[in-house]
Amino acid sequence: MPELPEVENVRRTLNPLISHKKIMKVTVLYPNIIATPEVELFRNNLVGETFQQVSRRGKFLLLETEHFVLVSHLRMEGRYTLSSPNEPITKHTHLLIDLSDGNQLRYLDVRKFGRFALLKKDEVANYSSLKKLGMEPTEEDFSLEKFKKALKTKQNIKGLLLSQKVVVGLGNIYVDEVLYKSFIHPLRLSETLKENEVVLLRKNIIEELNEAIILGGTTIRSYHNAKGETGHFQEFLQVYGKEGQPCVRCGSLIEKIKVAGRGTHFCPTCQRLEGSK
């Protein structure tokens, strides 16, 4: 599933491809990907608008026009391509947007899990999927004090980080990696983390996601950015997908368990469960 680094790289590559291009035609090939409004209104509202910029909130892309924001969630395998309208439409193409420069923006999604919501600009702040999101993982937005308060819960730390309600953008891969780098067991109750552990965890979250962005994200199976490029951060993973391999720090074999419904990798020596209640 695309996580924040992958979505940010889609944003960065998609933005120059569509900004300042007028929308000439919209074709919805799979109506269920449109969450709101109904499909005919979706098409009618977009035609004649001009893309201004592509921004991001958490794992959501925000394709902004003069009057609307097209909120796009890639979910498992959604991706964009810029094609000629004459190119054959592949089986998993679900949305076509013809642009004024003669190109066609296409949305493809093998699993059909991705969703779009077209909102008026003044509706975005109250859109339920965005309103519940936590802090962005940047030095400016990721408040240490708010983080400390949010951790005062009996929920395990992995589940809390996956929830997107405290800090956004962390999915299964990056949570495993930041907990490993922070010497924190994924089953530790959040309230048991000491202040120095919280400080280190926050630091590692910011640094890990930033490094992954620089390296183009992580391609485990199918992720590509809007230019069709894969990521390279998978070459530097230290614990995710390493079950049965020696820990690079201590040599203990990496273990895999299920936490918060997700396959979870950790080092039983470096990430002890001490401190949980």
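## A walk through a predicted two-domain model

Let us begin with a helix and the strands beneath its path: helix α1, residues 4-18, lies across β3 and β4 (60-64), and its direction makes an angle of about 165° with β3. Please keep in mind that this is a predicted model.

**How the chain is divided**

The protein chain splits into domain 1, covering 4-131, and domain 2, covering 144-266. Between the C-alpha centres of domain 1 and domain 2 there are 29 Å.

**The five-stranded sheet**

In what order do the five strands of the open sheet lie? Reading across, the order is β2-β9-β5-β4-β3, with mixed pairing. The edges are β2 (34-36) and β3 (53-57), each of which pairs on one side only. If you compare neighbouring strands of this sheet, they are turned by 25° against each other on average, direction ignored.

Now let us follow the pairings. β2 and β9 (residues 115-120) pair in the parallel sense, over two bridges. Here Thr-36 stands opposite Ala-117 of β9. On to β5: this strand pairs with β9 in the antiparallel sense over six bridges. Ala-117 in β9 also has Val-71 standing opposite. β5 pairs with β4 too, again in the antiparallel sense, over five bridges. One example is Phe-60, whose bridge partner in β5 is His-73. Three residues lie between β4 and β5, and the two strands form a hairpin.

Is β5 mostly covered or mostly open? Mostly covered, with six of its six residues buried. Phe-68, Leu-70 and Ser-72 point one way from β5, while Val-69, Val-71 and His-73 point the other way, and all are buried. This fits a simple rule: in a regular strand, side chains alternate between the two faces of the sheet.

A second helix belongs in this picture. Helix α2, residues 39-46, lies across β2, β5 (68-73) and β9, and runs at about 60° to β9.

Back in helix α1 we find Val-10, which is buried, with a relative accessible area of 3%. Val-10 and Val-26 are 16 residues apart along the chain, and their C-alpha atoms are separated by 21 Å.

**Salt bridges**

Searching the whole structure turns up 15 salt bridges. The table shows three of these pairs.

| Pair | N to O distance |
|---|---|
| Lys-21 and Asp-101 | 3.1 Å |
| Arg-57 and Glu-136 | 2.8 Å |
| Lys-181 and Glu-208 | 2.5 Å |

What does the salt bridge of Lys-21 and Asp-101 tie together? Lys-21 is in the loop between α1 and β1 (23-28), and Asp-101 is in the loop between β7 (93-99) and β8 (104-108), so the pair ties together parts that are 80 residues apart in sequence. Asp-101 is partly exposed, with a relative accessible area of 34%.

The salt bridge of Glu-136 with Arg-57 has its closest N and O atoms 2.8 Å apart. Glu-136 sits in the loop between α3 (128-131) and α4 (144-150), while Arg-57 belongs to strand β3, so parts 79 residues apart in sequence are tied together by this pair. Glu-136 is buried at 12% relative accessible area, whereas Arg-57 is partly exposed at 23%. Both residues take part in a network of salt bridges that links Glu-8, Arg-11, Arg-12, Arg-56, Arg-57 and Glu-136.

In the third pair, the side chains of Lys-181 and Glu-208 meet at 2.5 Å, N to O. Lys-181 lies in helix α6 (residues 172-181) and Glu-208 in helix α7 (residues 195-214), so this salt bridge ties together parts that are 27 residues apart in sequence. Lys-181 is partly exposed, with a relative accessible area of 22%, but Glu-208 counts as buried at 1% relative accessibility.

**Cysteines without disulfides**

How many disulfides does a search of the whole structure find? The result is zero. Why is there no bond between Cys-267 and Cys-250? The sulfur of Cys-267 has its closest cysteine sulfur in Cys-250, 3.5 Å away, which is too far for a bond. For a disulfide, the two sulfur atoms would have to be within 2.5 Å. Cys-270 is in no disulfide either, and the nearest cysteine sulfur, that of Cys-267, is 3.7 Å away. Cys-267 is buried, with a relative accessible area of 0%, and Cys-270 is buried at 13%.

Terms used
Residues are numbered from 1 along each chain as its sequence is written. This is a predicted model: local features need pLDDT of at least 70, side-chain atom pairs count only at pLDDT 80 or more; totals for chains, interfaces and linings use all residues. Side-chain values use heavy atoms; hydrogens and water are left out. Two strands pair if DSSP finds at least two bridges between them. Helices (H or I, at least four residues) and strands (E, at least two) are DSSP runs, numbered from the N terminus. Axes are lines fitted to C-alpha atoms, for helices over the stretch in contact, and angles run from 0 to 180 degrees between N-to-C directions. Contact means heavy atoms within 4.5 Å. A salt bridge is a side-chain nitrogen of Lys or Arg within 4 Å of a carboxyl oxygen of Asp or Glu. Buried means under 20% relative accessible area, exposed over 50%, partly exposed in between (1.4 Å probe, protein chains only). Domain bounds come from an automatic or database domain assignment.
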